[in-house]
Amino acid sequence: MDLQILLAAHMSRRSHLAEMSASAEDRYYRDQVTLPGLGVRLLGVIATTVGVLLLLVGMP
């Protein structure tokens with residue numbers, strides 16, 4: 001079965017848009033754009049990955 005056909009069969013035909021004020025719309029989009037905070041653990045994983053990649057690239 002084609003993926004597009006499967007998705008089309010399960011898509012809702014109802015509109016989920018609700019009327020909202022300008023300030024509510026601004027809050028909605030501001031909340032959607034904010035990035036999650038990077039935790040210390042995630043920064044450590046990123047630093048370790050970058051360090052290993054630099055070691056591998058620098059080796060002859």
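Confidence in this predicted model varies from helix to helix: among the elements of the protein, α3 comes out with the highest mean pLDDT, at 91, while helix α1, covering residues 3–10, has the lowest, at 79. For the protein as a whole, the mean pLDDT is 81, and 82% of the residues get to 70 or more.

As for the overall layout, there are three helices and zero strands. Reading from the N terminus, the order of elements is simply α-α-α. Not much is tucked away here: of the 60 residues in the protein, buried ones make up just 2%. The protein exposes about 6,200 Å², and 66% of that area is supplied by carbon and sulfur atoms.

Part of the surface stands out as a nonpolar patch of about 640 Å². Seven side chains' worth of names go with it, namely Leu38, Leu42, Leu43, Val45, Ile46, Val50 and Leu54. Leu54 makes a handy example. It sits in helix α3, which spans residues 40–58, the element with the highest mean pLDDT. The relative accessible area of Leu54 is 59%, so this residue counts as exposed, the cut-off being over 50%.

Turning to the aromatic residues, a search through the whole structure turns up one aromatic pair. The partners are Tyr28 and Tyr29, whose ring centres lie 5.1 Å apart. Their planes meet at 80°, and because an angle over 60 degrees counts as edge-to-face, that is the label this pair gets. Neither tyrosine is buried: Tyr28 is partly exposed, with 41% relative accessible area, and Tyr29 is partly exposed too, at 47%. Both values fall between the 20% limit for buried and the 50% limit for exposed, which is why the in-between label applies to Tyr28 and Tyr29.

Key
Residues are numbered from 1 along each chain as its sequence is written. Side-chain values use heavy atoms; hydrogens and water are left out. Patches are made of residues with over 30% relative accessible area and no salt bridge: like charges are joined within 9 Å, nonpolar side chains (Val, Leu, Ile, Met, Phe, Trp, Tyr) within 5 Å. Accessible areas come from the Shrake-Rupley method with a 1.4 Å probe; for residues, only the protein chains shown count as cover. A salt bridge is a side-chain nitrogen of Lys or Arg within 4 Å of a carboxyl oxygen of Asp or Glu. Helices (H or I, at least four residues) and strands (E, at least two) are DSSP runs, numbered from the N terminus. Buried means under 20% relative accessible area, exposed over 50%, partly exposed in between (1.4 Å probe, protein chains only). Rings of Phe, Tyr and Trp (its six-membered ring) pair if their centres lie within 6.5 Å; planes under 30 degrees apart count as stacked, over 60 as edge-to-face and the rest as tilted. pLDDT is the predictor's confidence in each residue, from 0 to 100.
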